Amino acid sequence: MGSTEIRRDYGRRAVRSAVVVVIAVCLTEWCDSNKTLGQTNRETRRDPMTPIEDDARLPRVLLLGDSISIGYTLPVRDLLAGEANVHRPNENCGPTTRGVERIDAWLGDKPWDVIHVNFGLHDLKYCDDEGNLVAVGDGHVQVPPDAYQANLRQLLARLRATGARIIWTTTTPVPEGAKGRVVGDAAKYNTLALQVAYRELGQDLFVDDLYALAKEKQAELQQPANVHFTNDGSKVLAEQVSNAIRAALASRNATASATARGIVYEDVNSNQKFDDGDRPLPEVRVSNGEQIVKTDAEGRYVLPVTDDTILFVIKPRGYRSPVNELQLPQFYYVHKPNGSPGLQFPGVAPTGPLPESVDFPLYAQEEPEQFKALLFGDPQPRDQREVDYIAHDVVEELRGTDAAFGVTLGDIVFDDLSMFQPQARVIAVLGIPWFNVIGNHDINYDAHHDVHSDETFERHFGPSYYSFDHGPVHFLVLDDVEWLVDPNGKGDYQGGLGAKQVSFVKQDLALIPDDQLVVLMMHIPLDGVRDRTDLFRLIEKRPFCMSISAHTHYLEHRMITREDGWQGPEPHHHFVNVTVSGSWWSGLPDERGIPHTQMADGAPNGYSIISFDGQRYALQYRAAGRLADYQMNVYAPEVVASDKTGATTVRVNVFNGSEKSQVSMRVDDDGSWVPLPHTPMEDPEFRRMHDMEATLRQALTAQGKNPDTIWRAITAPKVSSHIWSGPLPDKLAPGTHTIQIRAVDMHGQEFHDSRVIRVE
């Protein structure tokens, strides 16, 4: 289990007088400890055994353990500099038998707030009668399982008496070829230890799964045929140990804490209850929004929760979560015993006590390398009439879609959160699972703090950030809307993630391969997020990663570069999706009574289809109510004098174009293709239409009529990033000619359009 990283200032304020003990006994041989220690000394010229002087303003941390913990002591001190005083005893803590003998000396006479415990790697080793490490066939287990559990009960009873918060660290794995140990025994001893720990400590227990971390990257982190870690491996362990300490410190401020347990399973009989015939699923990730753990061999997980926690399963490839009648995936459990605070739009009703087991059913399904997903940006209905616009303008034409699932990229509604359900009911007609991103118009504006701004969203859709796999792709849904309330009670939003969410992303990405395609989905575009560089540091070395947002009500491909704080070898592709509502359902109505609602960049309202094939993806634009091949507008005069053709400009708005698109023009079939320069500008036709509608509104107003009763004023034009321009060939012969346009996008997709003109 990865542990959550918290804001350092938060931790210091909360625990200025706190003292933390971390007992991380990842037990190995004393002689190897000396060797590892020698390497550390030569490398750093610092001795982890040397006592340190306390900074009285900071909590005290004690690392108790063998050579594994000795190896990560110094990097933990570095990582927690300014957050905690990190101590350790000047000895190898050995097996549980030594722990029982020495625990009082290790604890000393000072109080502790958190104790982090692991015994096992020394207990399971094979020794001769003198206690020397020997080959498995030449000796006996140093501490047999029954004695191991008995010793742990005694140790944990002593530790519980301190009043400290206790963290258990699972023992790191035994690699092939390691002398005196059996591969797989670490997992067995971990199971035994957790059985005792849960019984002795109950809901007060925290678990830090170093075993899972090391097992995931065993070849990279551990020395060959050796239980010890390389220097770099110890640093990786140190990061998780440091996060465990931070999480334990942060937990002191929770209004209440408990330990959630449950099973992730394949629901063979489809009754959404774990019973006979169902298959537990190991190695499935589960999160509380801060920490991520993997289920054990029996499909079980354990996570701490507070009175405001949403537990969720990170759907693995080849499985689906159940959906409700609105096709909303039910991959989460909301734990709010007291419910949400009183708000204008209701949040979560009191959920009552934590169930004995919070289980997550999954169902096997085929997930090939190639699949499609639908992307809706800002449907944003104000009322039922605008929900009906969504139904007729977009949903009807998508019935029978072959997309695997869909996503709404925020601004699901427009401030009236009672529209969540009607809007979801319409989209459910498509019959595919539908995920949702929270937008700035989806939050509770009467909330007094960001932590409560998502309550109504959580009631309908679950966690505001989460992740899942589908096919070969990993999807990360982010909440990048921060709600701020000033001392006068005035609220506003800004783009931001926060340290808690960044920590979740860090842990999430650490559990997937570096070469897996990652798709980040959010509402506010990435370059408008205040702490975007924290996210950049986590994704910029990944060769396959892109991100998607909405929010702006125009379509744009942004290439995130060093000017934005990006440090990756190549610019990051961030796609600002077309919006379903276009310009907020504005503009003159069409023959159906639906506003034309063209966006400020001159592109029609609509949606996107994203296609995946392994590590590759391609984005396809769809204009609402139009054929699929409607991908651009070509602007040229109806008639041109033959001696003026070379001075006549043709402009092309390629709706899904980017700076990487190649747009060419030719006149008639026998003409040569000529590249057109990329010339961002206002869309000329949208400017004409905007000004015409404004003139008409003025005329109605002058007549004493209110134009708002007929249509909502369209938004003003903005510079469009996807316009190309160039002149016609000089001295075209009189007659009828066809301007032909060819556009090739960044994915190699080719589109064509044409316009007929007269030359006189």
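Where in the structure is the place of Gln-272? In this predicted model, Gln-272 has its place in the loop between E9 and E10, and the first of the legends below takes up that loop.

**View 1. Two residues with positive phi in the loop between E9 and E10.** Ser-270 is found in the loop that runs between strand E9 (257-266) and strand E10 (279-280), and its phi is positive, at about 60 degrees, although Ser-270 is not a glycine. Gln-272, which belongs to the loop between E9 and E10 as well, has a phi near 55 degrees, again a positive value in a residue other than glycine. With a relative accessible area of 48%, Gln-272 is partly exposed, because the value lies between the limit of 20% for buried residues and that of 50% for exposed ones.

**View 2. Helix H4 against helix H5.** The view is centred on the place where the axes of helix H4 (residues 96-107) and helix H5 (residues 145-160) come within 9 Å of each other and cross at roughly 10 degrees. H4 is therefore roughly parallel to H5, since angles under 35 degrees are counted in that way. From H4, the residues that take part are Thr-96, Thr-97, Gly-99, Val-100, Ile-103, Asp-104 and Leu-107, and they meet Tyr-148, Asn-151, Leu-152, Gln-154, Leu-155, Arg-158 and Leu-159 in H5. Sorted by class, the contact of H4 with H5 has 7 nonpolar, 5 polar and 2 charged residues.

**View 3. Helix H13 against helix H14.** Helix H13 (residues 499-510) and helix H14 (residues 532-539) pack with their axes 10 Å apart and at an angle of about 5 degrees, which means that H13 is roughly parallel to H14. On the H13 side the contact is made by Val-502, Val-505, Lys-506 and Leu-509, and on the H14 side by Asp-534, Leu-535, Leu-538 and Ile-539. The residues of the contact of H13 with H14 divide into 6 nonpolar and 2 charged, with no polar residue among them.

**View 4. The open sheet of 5 strands, with the pair E29 and E30.** The strands of this open sheet follow the order E20-E19-E18-E29-E30, and their pairing is mixed. Strand E20 (434-436) and E30 are the edge strands, each of them pairing on one side only, and from one strand to the next the twist averages 25 degrees. E29 and E30 pair in the antiparallel sense over 8 bridges. Within E30, Tyr-617 is the bridge partner of Phe-612.

**View 5. Gln-620 in strand E30.** Gln-620 has its place in strand E30 (residues 616-623). The relative accessibility of Gln-620 is 16%, so Gln-620 counts as buried, the limit for that class being under 20%. When its neighbours within four places in sequence are left aside, Gln-620 is in contact with Tyr-607, Ser-608, Ile-609, Ser-611, Asn-656 and Gln-749. In addition, the side chain of Gln-620 makes a polar contact of 3.4 Å with the side chain of Arg-622.

**View 6. Arg-592 and its contact with Asp-393.** Arg-592 lies in the loop between strand E28 (572-576) and strand E29 (606-613), and, with a relative accessible area of 41%, Arg-592 is partly exposed. Apart from its neighbours within four places in sequence, Arg-592 is in contact with His-392 and Asp-393. A polar contact of 2.7 Å joins the side chain of Arg-592 to that of Asp-393. By way of orientation in the whole model, the C-alpha atoms of Arg-592 and Arg-77, residues that are 515 places apart along the chain, are separated by 67 Å.

**View 7. The open sheet of 3 strands.** Here 3 strands form an open sheet in the order E31-E33-E38, with antiparallel pairing. Strand E31 (632-635) and strand E38 (723-727) are its edge strands, each pairing on one side only. On average, and with direction ignored, neighbouring strands of this sheet are turned by 15 degrees against each other. E31 is joined by 4 bridges to strand E33 (residues 649-654), and these two run antiparallel. Val-634 has Val-652 as its bridge partner in E33.

Key: Residues numbered from 1 in each chain as written. Predicted model: local features only at pLDDT ≥ 70, side-chain atom pairs only at ≥ 80, totals over all residues. Heavy atoms only, no water. Buried < 20%, exposed > 50% of the residue type's maximum accessible area, 1.4 Å probe, protein only. Contact = heavy atoms within 4.5 Å. Polar contact = N/O pair within 3.5 Å; in protein donor to acceptor, adjacent residues only side chain to side chain. Axes fitted to C-alpha atoms, helices over the stretch in contact; angles between N-to-C directions. Parallel < 35°, antiparallel > 145°, perpendicular 65-115°, else oblique. Nonpolar A, V, L, I, M, F, W, Y, C, P; charged D, E, K, R; others polar. Pairing = 2+ DSSP bridges.
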